[in-house]
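Let's take a walk through this structure together. Keep the 3D view open and turn it as you read.

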Amino acid sequence: MRKLTSALTGMVSTVLLSSQAYAGNGLAVPNESWEVLWHEVIIDITVIGVIMAALAVWWLLKYRATSPGQVGTAKELTAVQAISWALIPASIFMADDFFLAANGWTVWNDYRRVPENAMEVKVTAYQWYFEFEYPDGTTTEELVMPHNQPVVLRMTSEDVIHSMGLPSYRVKEDIMPGRITYIYLNPVDIKETFVQCAEFCGQDHSQMVAPVRVVPQAAFDSWLAQAAEG
Amino acid sequence: MSTPTSTAGHAATPAWKEWLLTTDHKRIGVMYLVGSMAAFGVAGLMAIIIRLEQMELGMQYVSSATQYNGFLYFHGAAMILAFLIPGLTGFAANYFLPLMIGARDVAFPRINAFSIWLFYFAIVLALLSFIVPDGPDIMWTGYPPYSVTTAANTSMYVFTVHLLGFSSILGAVNFLVTVIYMRAPGMGWNQLNIFVWTTIAAFVLQLVFIPVLAAAVTLLLFDKYLGTHFYDPSAGGDVLLYQNLFWFYSHPAVYVIFLPAVGIIMEVISTMCKNPIFNYKAAVYPGIWGIVGIGGIVWIHHLYITGMPDWIRLGMMVTTLLISVPVGILVLSLWGTLYKGAITYNTAMMYAVSCLYLILLGGLTGIPLAIPSLTLHLSETSYVHAHFHFIMALFSAFALFAGIYYWFPKMTARYADGPLATLSFWLNFIGVNVTFWPLFIIGKEGMPRRYWNYEMFADIQVLGHNFQWYHTIATYGSWIVAAGMILQTINFIYAAFAGKPAPTNPWGSQSLEWTHTASPPGPGNFGETDVVVDENWSPYKYS
């Protein structure tokens with residue numbers, strides 16, 4: 001199964017180069033791949049939905065009983081028809097499933113493959129705040145990333161389960177005590193956004209938020225120096 | 001049409017005592033219906049409060065975040081464990097499964113009575129969480145370590161799950177034995193009603209998977225109150241053990257709800273179209289049993305963002321997507337049954353048709369969630385919340401309502417149809433769409449679940465409106481649903497006592513519960529003679 005799917009991955013990703021998005025630094029930008037895949041899947045399910053809904057509406061109107069006591073006139077299926085009506089649709093559904101799985105896998109790799117030059121930021125979650133530790137040992141309560149510098153967050157929790165929810169980066173991953181999880185980010189846009197806790201963690205769950213900023217390298221350096229002093 | 005004065009046949013016993021001590025599957029079915037509708041009412045009230053609180057930024061209506069979390073807990077736990085599961089496998093299966101297979105009762109009537117009382121004790125225990133000062137606030141999922149470290153009372157959650165689980169396991173054994181050994185002489189497996197098939201499939205799932213849930217929550221209890229460390233990493237435990245055990249049961253639990261719901265609308269659609277089920281054997285074997293087969297190996301899609309190894313996340317992406325195969329076959333059977341039918345519309349059929357829309361919408365919006373790379377963002381957003389409400393909550397609840405309208409003349413010898421029924425149907429149908437469509441839209445932009453405060457999203461605009469605008473629409477929708485549900489409840493109560501009298505087989509069904517019993521069926525269901533069917537008999541033979 002894995003061989004089959006990875007063969008399909010290869011085939012599909014050559015067809016759908018668009019589903020892998022690359023930015024200025026030549027590395028995958030997961031949130032851009034996410035949007036491409038999302039639109040693909042939405043088209044897929046909309047087509048299925050519209051066909052099935054139209055069929056239902058047509059038949060529901062067409063086959064209304066005209067007199068009481070009338071019965072349906074559908075013929076019983078022969079064995080061949082019955083088996084065909086199971087196997088052919090099943091094959092179509094499976095083909096679509098494998099197509100979506102292959103595309104999903106390609107985007108998954110964009111999310112999970114961390115480039116070697118990624119800056120590591122350690123994240124520790126508490127009830128109810130995030131703490132970020134930079135390579136030089138500086139700890140802060142906001143996440144600031146230099147523009148175009150890939151970042152990997154290594155995350156763990158000191159109390160209950162939290163989740164690093166970054167809606168504008170189209171990613172989240174749980175933060176758990178006793179386990180280390182990671183998120184790869186490629187900050188190709190200069191912007192100010194936020195991280196919110198996305199796994200229920202008690203009273204102030206919906207207040208657990210921290211700023212996330214992407215700034216030019218120079219601004220980052222001076223910010224980090226200031227944070228190290230303060 | 002016969003109208004027996006007492007369905008239990010003990011004229012000297014007062015009515016309350018008859019109900020209290022009954023072992024009659026039909027009365028137990030009605031008791032499940034009353035209990036589950038009561039749970040639906042209370043849990044629905046919680047939903048109204050939750051929606052009201054989200055209408056505006058900041059805290060307006062609840063007194064504290066802890067109270068809000070308590071309402072969320074109760075809404076989820078009660079809707080799933082005390083409304084949907086007992087409504088479908090308790091009420092519908094109890095009342096109609098023995099009738100459909102020509103049995104005079106279930107195999108173990110006293111154990112059946114024990115099941116209903118366990119269910120009522122569980123409801124009482126769950127309601128006590130409003131009275132104690134430290135009611136549970138752990139969501140219906142009860143994830144540790146929060147459920148262990150919280151000051152609230154996790155034991156009430158655990159014991160409620162134990163009581164309901166025990167009740168369901170006994171019910172499962174009872175109904176499996178009933179179907180295997182008590183079918184009318186001559187009734188082969190391929191002549192069973194689809195609803196019977198879906199019910200036994202649901203009970204097989206309950207029997208296999210409930211013990212896992214019971215074990216998971218028992219370990220939770222030990223961790224919190226006896227100082228064990230099953231889920232405590234500081235002493236060698238693992239927080240993810242619980243989530244794996246919990247979803248190993250709770251994903252199949254979705255099918256425990258979904259399958260009987262499909263069974264009910266198949267019965268309604270076949271009867272109202274006067275057509276046999278399209279491709280019956282495909283619906284039963286690859287369809288229903290295909291879901292049972294795959295249902296146990298997809299649970300990781302609830303753990304896509306928990307840092308599980310990549311191979312299992314991607315492996316279960318494939319199994320999860322493949323669920324579309326058996327579900328697709330069931331959908332084709334539903335659609336195919338319409339083809340060349342002679343369709344009569346009534347309230348039961350309107351609910352069944354609305355279920356066709358809900359299964360399509362709810363099912364298809366699940367496809368993005370099957371793909372882990374999309375779920376890395378969509379997980380824990382109101383997109384998920386809208387998806388599972390459409391497919392699990394609304395599809396199954398509407399199927400249950402279809403079943404209530406369909407079988408109402410059987411239970412009461414009266415119709416529940418009428419202007420009030422039609423009005424409440426449209427309020428419910430429009431209301432759920434107004435409530436849950438906005439949640440898809442803001443969920444895709446990141447609106448988190450289980451939040452009362454979403455100030456951090458205040459600057460984000462979707463199609464020219466902020467999140468609060470969408471939340472306000474959703475809240476208006478919840479009021480429409482509330483109006484519909486209240487009118488519908490009034491309609492049921494009125495119709496049960498003063499509805500239009502109905503003949504024994506008002507819809508012209510060929511199924512045994514309509515052709516061979518009085519309305520309501522008397523003690524022993526089938527009068528003097530046992531039901532015997534021949535090999536040409538089918539519950540769906542109209543011509």
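**A tour of two chains**

In chain B, if you take the contacts between residues at least 6 apart in sequence, 83% of them join residues at least 24 apart. For chain A, the share of contacts with a separation of 6 or more that comes from residues 24 or more positions apart is 66%. Before going further, keep in mind that this is a predicted model.

Let's stay with chain B for a moment. Its elements are 18 helices and 2 strands. The radius of gyration is 23 Å, close to the 24 Å that the globule rule gives for 543 residues, so chain B is as compact as a globular protein of that length. If you draw a box around its C-alpha atoms along the principal axes, that box comes out at roughly 65 × 55 × 45 Å. Of the 543 residues in chain B, 61% are buried.

To see what being buried looks like, pick out Gly287(B), which sits in helix 9 (residues 280-295) of chain B. It counts as buried because 28 C-beta neighbours lie inside 10 Å, and the cut-off for that label is 20 or more. Which residues does Gly287(B) touch, once you set aside its neighbours within four places in sequence? They are Ala282(B), Pro326(B), Ile329(B), Leu330(B) and Ser333(B). For a sense of scale, try finding Tyr120(B) as well: Gly287(B) and Tyr120(B) are 167 residues apart in sequence, and their C-alpha atoms are 33 Å apart in space.

Now look at how two helices of chain B pack. Helix 12 (residues 347-364) and helix 16 (residues 419-444) of chain B have axes that come within 10 Å and cross at roughly 10°. Angles under 35 degrees count as roughly parallel, and therefore helix 12 and helix 16 of chain B are roughly parallel to each other. On the helix 12 side of chain B, the contact is made by Thr347(B), Met350(B), Tyr351(B) and Ser354(B), while helix 16 of chain B brings Ala421(B), Thr422(B), Phe425(B) and Phe429(B). Sort the residues of this contact between helix 12 and helix 16 of chain B by character and you get 5 nonpolar, 3 polar and no charged.

Over to chain A, which has 4 helices and 10 strands. Follow chain A from the N terminus and the elements run α-α-α-β-β-β-β-β-β-β-β-β-β-α. Of its 230 residues, 37% count as buried. Chain A is divided into domain 1 (2-64 + 77-112) and domain 2 (119-229). Where these two domains of chain A meet, domain 1 puts in 11 residues and domain 2 puts in 8 residues. On the domain 1 side of chain A, helix 2 and helix 3 are the elements that give two or more residues, and helix 2 of chain A gives the most, with 3 residues. That side of domain 1 of chain A divides into 7 nonpolar, 3 polar and 1 charged.

What about the place where the two chains meet? Chain A contributes 70 residues to the contact and chain B contributes 65 residues. On the side of chain A that touches chain B, at least two residues each come from helix 2 (30-62), helix 3 (79-112), strand 6 (162-166), strand 7 (171-175) and strand 9 (192-197) of chain A. Which element of chain A gives the largest share of that side? It's helix 3 of chain A, with 16 residues. By character, the side of chain A that touches chain B splits into 42 nonpolar, 16 polar and 12 charged.

Let's finish with some backbone oddities. Most residues other than glycine have a negative phi, and most peptide bonds are trans. Yet the peptide bond from Gln127(A) to Trp128(A) is cis, with omega near 5°, and Trp128(A) lies in the loop between strand 1 (119-126) and strand 2 (129-133) of chain A. In chain B, the peptide bond from Pro144(B) to Pro145(B) is cis too, with omega near 0°; look for Pro145(B) in the loop between helix 4 (109-127) and helix 5 (146-149) of chain B.

As for phi, Asn148(A) has a positive value near 65° without being a glycine. You'll find Asn148(A) in the loop between strand 4 (143-146) and strand 5 (151-157) of chain A, partly exposed, with 18 other C-beta atoms within 10 Å. Lys340(B) is not a glycine either, but has a positive phi of about 55°. It is in the loop between helix 11 (324-338) and helix 12 of chain B, and with 16 C-beta neighbours inside 10 Å, Lys340(B) counts as partly exposed.

Methods. Residues are numbered from 1 along each chain as its sequence is written. Chains are lettered from A and ligands numbered from 1 in the order in which they are written. This is a predicted model: local features need pLDDT of at least 70, side-chain atom pairs count only at pLDDT 80 or more; totals for chains, interfaces and linings use all residues. Axes are lines fitted to C-alpha atoms, for helices over the stretch in contact, and angles run from 0 to 180 degrees between N-to-C directions. Angles under 35 degrees count as roughly parallel, over 145 as roughly antiparallel, 65 to 115 as roughly perpendicular and the rest as oblique. Two residues are in contact if their C-beta atoms, placed from the backbone, lie within 7 Å. Ala, Val, Leu, Ile, Met, Phe, Trp, Tyr, Cys and Pro count as nonpolar, Asp, Glu, Lys and Arg as charged, and the others, Gly among them, as polar. Domain bounds come from an automatic or database domain assignment. The radius of gyration is taken over C-alpha atoms; the globule rule is 2.2 Å times the number of residues to the power 0.38. A residue is buried if 20 or more other C-beta atoms lie within 10 Å of its own, exposed if 12 or fewer, and partly exposed in between; C-beta atoms are placed from the backbone.
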